[in-house]
Amino acid sequence: MADAMVRKQVYIDPRQEDELKKAAARTGLRESELIRRGIDLVLSGADPGERRLVAFERAESLAERIRGRDLACGTGDQNRNRDELHER
């Protein structure tokens with residue numbers, strides 16, 4: 001956050017105010033911080049839909065890699081039963 005802030009006054013509709021208050025309560029951030037983040041998002045030119053798609057694809061790729069791993073974490077214990085694993 002910049003050291004010097006510039007005061008701006010904006011009008012929002014009642015629905016936006018309600019959602020902003022809920023988001024602030026949910027995140028623990030001040031309403032002003034959420035507004036600044038929203039402005040930064042718009043100014044960055046990032047398409048929110050595209051960002052969500054990229055994040056989803058990364059999560060999906062990670063899930064596939066995790067599913068491909070042996071639950072024994074490659075320790076060679078694949079053929080041991082649960083009790084044998086806990087004895088170690």
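A residue counts as partly exposed when its relative accessible area falls between the limit for buried, under 20%, and the limit for exposed, over 50%. R37 is partly exposed because its relative accessible area of 46% lies in between.

**Overall picture and confidence**

The structure is a predicted model, and its mean pLDDT is 82, with 81% of the residues reaching 70 or more. Confidence is highest in helix 1 (residues 14-27), at a mean of 95, and lowest in helix 4 (residues 82-87), at 70. Where pLDDT is low, the predicted coordinates should not be read in detail.

The secondary structure comprises four helices and zero strands, which gives the pattern α-α-α-α when the protein is read along its sequence. Of the 88 residues in the protein, 8% are buried. The protein exposes about 8400 Å², and carbon and sulfur atoms supply 51% of that area.

**Salt bridges**

A search of the whole structure finds six salt bridges, and three of them are set out below.

| Salt bridge | Closest N to O distance | Helix and spacing |
|---|---|---|
| E19 and K22 | 3.8 Å | helix 1, three residues apart |
| R36 and E33 | 3.2 Å | helix 2, three residues apart |
| E33 and R37 | 2.9 Å | helix 2, four residues apart |

In helix 2, the side chain of E33 takes part in a salt bridge with R36 (3.2 Å, N to O) and also in a salt bridge with R37 (2.9 Å, N to O). R36 and E33 are separated by about one helical turn because they are three residues apart in helix 2, and E33 and R37 are likewise separated by about one helical turn, being four residues apart in helix 2. Salt bridges that share partners also join E17, K21 and E31 into one network. As for the arginine partners of E33, R36 has a relative accessibility of 28% and therefore counts as partly exposed, while R37 is partly exposed with a relative accessible area of 46%.

In helix 1, E19 forms a salt bridge with K22, and the closest N and O atoms of this pair are 3.8 Å apart. The two residues are three positions apart in the helix, about one turn. Both partners are partly exposed, E19 with a relative accessible area of 41% and K22 with a relative accessible area of 43%.

**Surface patches**

A nonpolar patch on the surface is formed by I35, I39, V42 and L43, which together have about 410 Å² of accessible area. I35 lies in helix 2 (residues 31-43) and is partly exposed, with a relative accessible area of 38%. Membership in a patch requires over 30% relative accessible area, so I35, at 38%, passes that cut-off.

A second patch is one of negative charge, in which D47, E50, E57, E60 and E64 gather on the surface. Among them, E64 lies in helix 3 (residues 48-68) and counts as partly exposed, at 47% relative accessibility. Patches are made of residues that have no salt bridge, so E64, as a member of this patch, is not a salt-bridge partner.

Terms used: Residues are numbered from 1 along each chain as its sequence is written. This is a predicted model: local features need pLDDT of at least 70, side-chain atom pairs count only at pLDDT 80 or more; totals for chains, interfaces and linings use all residues. Side-chain values use heavy atoms; hydrogens and water are left out. Patches are made of residues with over 30% relative accessible area and no salt bridge: like charges are joined within 9 Å, nonpolar side chains (Val, Leu, Ile, Met, Phe, Trp, Tyr) within 5 Å. Accessible areas come from the Shrake-Rupley method with a 1.4 Å probe; for residues, only the protein chains shown count as cover. Buried means under 20% relative accessible area, exposed over 50%, partly exposed in between (1.4 Å probe, protein chains only). pLDDT is the predictor's confidence in each residue, from 0 to 100. Lys and Arg count as positive and Asp and Glu as negative; His and the chain ends are not counted. The place of a charge is taken as NZ of Lys, CZ of Arg, CG of Asp or CD of Glu.
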